[in-house]
Amino acid sequence: MKAVRFIAIAVLLITAFVVLFANYLAPAGYEQQFRDLPQAGPSLHHPLGTDDLGRDCWARLLFGMRVSLTLAPLAAFFTTVLAGLVGGIAGYCGGWIERCCKLLIDFFLSVPWLFLLITVRAVLPLNISPQASVTVTFILLGLLGWAASARIICSGAKDLMKSEFVWMARAAGFSGFKLIRLHLLPNLKGALFAQFWISIPVFIIAEANLGALGLGVAEPLPSLGSLLRELQDAITLRLEPWRLLPLAVLIVVISSFQVLLNKQEVRV
Amino acid sequence: MRRLHLLSAMLLLGCTTLLAQAGGELRFCLRAEPKTFNPLLVEDDASETIRYLTGGVLVRINRITLKPQPELASEWKVSEGGKHIRFKLREGLKYSDGTPFSAADVAYTMSQLMDPALHSSTGDAFRSGEGKVETRVISPSVVEISFPAPVANLVDLFDTVAIMSAKSPQKEMAALGPFYVAERKAGSYILLKRNPYYWKKDSTGKQLPYLDSVRLEIEQNPEIEAMRYKRGEVQLINTVSPAIFEKLSSDSASVRDAGASTDTEQLWFNQVPSAPIPAYKLAWFTSTNFRRAISEAINRADLARIVYHGHAAPAIGIVSPSNKFWFNSNLKPHPYDTASALHRLQQDGFRLQGDTLRDKSGNAVEFSVVTNAGNRSRESMATMIQEDLKKIGIKVNVVALDFNSLLERMTQSFNYEACLLGLQNVDLDPNAQMAVWLSSADNHQWNPRQKSPATAWEAEIDKLMKAQASSGDEHKRKQYWDRVQQIAWDQEPFIYLINKDALVAISPEVKNSEPSVFRPQTFWNVETLALAKAR
Amino acid sequence: MLRFLSGAVLRLAALMLMVSFAGAMLMRIAPGFTSDDQELNPTLSAQSIQAIRQARLADANIPRFYAQYLVSLAKGDFGTSSSLNQPVKELLRERLPVTLSNLAFALAIGWLLGLALAIATQVLHWRAFSFLANGLSGTFISTPAAALALIFLLLRLPPAFAAALLVFPKIYRYTENLLQQSAEMPHVLTARAKGAGPLRVLAWHVAPIALPQLIALVGVSISIGIGVLLPIEVISDVAGIGQLAWQAAEARDLPLLINLTMIVTFVTVCATLISDGAQRGFTRSEA
């Protein structure tokens with residue numbers, strides 16, 4: 001398992017390096033169109049070939065990783081914090097507060113937030129930069145996506161409130177924020193981490209799907225999500241293995257996160 | 001022995017022909033659920049397909065020759081330049097439920113169609129002026145229709161008027177066309193069966209259509225449609241995207257490029273005076289030099305080659321060259337010339353400072369181009385235009401919006417700077433574009449609903465469009481329309497980008513197919529289509 | 001029990017009303033509500049375009065529309081879809097069973113797979129197995145629904161399989177973490193130290209601790225399942241309510257949207273109420 005963790009750390013470090021130094025590692029700008037070479041296969045000048053408009057796929061992958069792997073964890077962080085907050089308060093307080101929180105959770109789970117996203121896009125200036133636009137999209141996803149896990153956190157918190165050590169802590173005078181910080185949160189870490197790392201790919205893909213409604217990243221800026229949208233063509237039109245690399249990168253990075261966030265295995 | 005061989009060959013040929021013409025079910029896809037089965041209210045493609053396959057019309061435009069052919073009407077006579085039309089109808093015809101057809105049905109249909117409360121594009125096409133449309137039943141097989149003012153291209157308009165029965169209990173579902181709607185599963189398919197009372201016969205006297213039925217599968221995803229076509233689950237694809245065309249053509253020989261269609265893709269700038277955009281930008285957009293410069297800076301050849309995989313041609317103007325009669329052949333393609341573009345901009349006081357173009361007040365030239373999200377070709381074109389204009393120091397922001405949001409900006413709030421959209425030209429006649437070129441019209445996209453023409457050239461276009469609409473002389477109309485095309489070419493309120501080709505897929509088992517560039521491309525002659533193997 | 005049930009029904013009704021009203025309001029304020037693509041038809045006259053705009057504006061007052069809708073709903077009339085020109089009741093009758101059966105299938109397979117992998121990871125303690133399970137769930141959670149749906153179409157397999165593969169990673173992740181956490185409890189360690197086998201430890205000591213949260217996950221998994229299935233239905237052109245929902249969103253079809261929102265809310269809230277009830281029952285019997 002140590003070897004696996006070592007590999008996971010190496011993968012994440014390489015990813016971080018690539019994300020930081022994409023400007024230097026990319027053979028060309030992500031927007032540069034080599035119009036004589038659209039849909040070209042891998043070559044010395046274009047290691048992953050080119051896309052429909054002749055743009056270097058390797059460059060677009062590097063910059064796409066920068067966008068998605070910076071913003072998706074940010075959105076996932078918002079989601080996790082909100083889930084922890086609402087779920088934790090509901091579980092800790094119980095009673096009518098819990099009922100209100102659950103009502104809020106069900107409300108958030110059921111409302112079609114798509115129209116809010118469309119409205120926000122409409123309110124943003126048309127000449128907003130693609131970077132700002134995609135940041136706003138991810139932040140919104142983060143602020144709206146917490147409800148599902150809040151329920152689980154609430155259930156976990158409620159359960160913990162009945163546990164012996166919490167009873168003992170309360171008997172010892174712990175309450176409120178101190179109780180939550182010292183006793184509830186550490187024991188809810190597992191669920192919170194699970195929520196965090198699940199949310200990252202979910203938000204990356206959600207951003208891609210929102211592109212169909214004009215809510216994703218704007219051209220020419222790439223994101224992992226917009227590159228994943230092109231998988232449809234790869235599957236149905238031309239099965240060129242190198243076009244699956246964005247998917248492979250996402251899987252490897254997410255899996256590496258998971259390996260690091262998992263607790264040590266219990267050895268008997 | 002030789003006679004025996006000859007006899008065998010003739011028998012074989014006869015059997016093959018018989019086999020090719022013996023029933024079967026044709027299958028193809030609709031991209032959406034039809035919104036209506038009422039032929040008078042058709043506005044969407046799926047409903048139009050149903051109307052074409054089931055509706056009986058007085059006159060049918062042959063999609064190859066573009067000449068009107070007698071259908072339910074065996075002959076007709078137009079008088080007073082399109083103010084009156086008299087039809088002599090075929091006798092003894094029946095609807096799919098056995099209800100007899102007569103002139104009363106034509107009168108009924110016209111009264112429904114011209115009802116002011118109906119609001120359909122089919123009916124609106126006949127509205128030539130104030131006043132009522134009168135239909136007179138002279139005999140069971142003769143009917144005369146009179147309009148308050150002459151209607152341009154009158155005969156051709158009846159290609160879209162499916163005659164409804166005044167008496168049938170099935171109402172609009174009673175069909176005079178080759179098929180009728182037999183079965184429908186919402187979201188899944190519509191089954192059309194052969195109309196047992198269809199009046200047409202082939203040259204050997206065999207009743208048409210050859211096909212027993214047509215099954216229309218509801219399939220929104222073009223990639224899935226292509227997959228199903230490859231598997232043989234459907235036999236036609238009426239509109240194939242260039243990417244799918246390339247894929248299918250590498251796998252089989254059953255795709256065809258029917259040639260340049262009449263559809264256009266264009267870019268235009270917002271010139272609405274009250275638009276919520278900065279005044280200096282409005283000044284750019286209303287300058288002819290600016291628009292001509294942008295046009296010259298766009299590499300149309302690259303758009304056609306890369307986005308459409310060569311299945312498109314740089315557009316010249318309003319009318320596609322495939323619309324042979326109405327196209328102004330004196331017009332030449334706009335050149336791709338960045339030096340000339342910069343020169344034009346300099347004439348308007350623009351200057352290139354480093355990599356940035358600035359206007360005479362020092363504002364960096366930057367604007368957004370909105371287009372509809374989900375349309376990959378348009379998004380790609382917008383991205384390529386972004387790159388083209390970067391070379392002359394202009395920053396373009398591509399904004400893909402969902403269609404309704406885009407529509408609201410274009411038609412109500414006017415909160416946009418430039419827009420990239422396309423126009424489907426179903427009707428070749430210039431009269432069909434009145435609502436685009438009249439300055440007071442709603443579809444005068446760059447500056448709609450003007451109280452009076454904002455520019456001299458728009459005033460001239462107004463005069464020319466009204467003149468061609470009221471003239472019965474086709475050659476005079478052609479002259480007026482040529483002049484409109486010239487003005488549009490000079491002023492470029494629309495920067496026409498490309499004319500895409502009509503790409504279709506027709507399975508080899510479909511016989512007698514003759515794809516056209518005009519809708520419906522693959523099944524315009526559905527009554528004579530046959531399957532090599534009956535299913 | 002009665003108190004719980006009456007509270008649950010009230011909560012369900014309140015949520016259905018609030019959520020559908022909120023959805024309608026969001027649709028109304030979003031741009032494009034009063035737009036119709038027919039306006040771009042150059043053969044339509046100015047009067048016709050005006051009439052189309054007026055027709056769209058007729059539904060613009062949401063509180064009034066909603067009140068009228070509720071009155072009709074009480075009479076069994078779900079309204080008429082403005083984009084499909086069909087009664088919403090007919091549309092739902094045809095499409096709801098398709099979605100519900102796909103959802104049931106997807107959840108059944110998703111839970112089976114997720115639970116089986118999580119339990120196996122806990123019981124076997126094989127690093128390789130754990131690594132593979134993590135890799136598998138990581139793969140599917142990172143794969144876009146569109147791509148997976150297309151792969152299954154190519155393989156001529158039901159799209160519900162794709163939904164199952166997208167649901168199971170979340171079930172697996174939460175379950176695996178829950179079981180892992182529960183396995184680290186002192187009493188579990190004691191049981192192990194006393195020689196209890198892995199299956200016995202799992203069944204008697206770990207599962208009871210993890211069960212309440214797992215039950216909570218059941219309710220959540222239904223909303224996860226719907227969230228995953230609806231886009232798959234759109235992509236695979238399955239004639240379920242996913243397609244209808246997309247249609248309603250694109251065309252700003254208010255009657256359709258309100259009804260679909262109510263249905264989704266009903267299913268989601270019922271699922272969470274059932275899991276809440278089961279949790280209560282479990283904890284009561286434990287006490």
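Visitor: How much area is buried between chain A and chain B, and what share of that area do carbon and sulfur atoms give?

Guide: In this predicted model, a buried area tells us how much accessible surface two parts lose on being put together. For chain A and chain B that area is about 2,600 Å², and carbon and sulfur atoms give 49% of it. Chain A brings 27 residues to this contact, while chain B brings 38 residues.

Visitor: How many salt bridges are found across the interface of chain A and chain B, and how many residue pairs are in polar contact there?

Guide: The rule finds 4 salt bridges across this interface, and one of the pairs that meet in a salt bridge is A:Asp52 with B:Arg376, at 3.9 Å from N to O; this counts because the cut-off is 4 Å. There are also 10 residue pairs in polar contact between chain A and chain B, both residues being at pLDDT 80 or more. On the side of chain A that touches chain B, H5 and H11 of chain A each supply at least two residues, and the residues of that side divide into 10 nonpolar, 8 polar and 9 charged.

Visitor: What does the contact between chain A and chain C look like when it is read in the same manner, beginning with the area buried?

Guide: Here the buried area is about 5,100 Å², with carbon and sulfur atoms giving 69%, and the contact takes 55 residues from chain A and 56 residues from chain C. The count of salt bridges between these two chains is 1, and the side chains of A:Asp106 and C:Arg11 meet in a salt bridge at 2.6 Å, N to O. Residue pairs in polar contact, both at pLDDT 80 or more, number 2 between chain A and chain C.

Visitor: Which element gives the most to the side of chain A that touches chain C?

Guide: That element is H9(A), with 11 residues, and the residues of this side of chain A divide into 33 nonpolar, 14 polar and 8 charged.

Visitor: How many cavities does the structure hold, counting those of 30 Å³ or more?

Guide: Rolling a probe the size of a water molecule over the atoms shows where empty space is left. The structure holds 12 cavities of 30 Å³ or more, and about 480 Å³ of space lies in the largest cavity. Of the 25 residues that line this largest cavity, the closest to its centre are A:Val217, A:Glu219, A:Ser226, A:Arg229 and B:Glu379. By class, its lining has 8 nonpolar, 6 polar and 11 charged residues.

Terms used:
Residues numbered from 1 in each chain as written. Chains lettered and ligands numbered in written order. Predicted model: local features only at pLDDT ≥ 70, side-chain atom pairs only at ≥ 80, totals over all residues. Heavy atoms only, no water. Contact = heavy atoms within 4.5 Å. Buried area = accessible area lost by both parts, 1.4 Å probe. Polar contact = N/O pair within 3.5 Å; in protein donor to acceptor, adjacent residues only side chain to side chain. Helix = DSSP H or I, 4+ residues; strand = E, 2+ residues; numbered from the N terminus. Nonpolar A, V, L, I, M, F, W, Y, C, P; charged D, E, K, R; others polar. 1 Å grid on protein atoms, 1.4 Å probe; cavity = no way out; pocket = protein on both sides within 12 Å on 5 of 7 lines; lining within 4 Å. Points joined across faces, edges and corners; volume = space filled by probe spheres on them.
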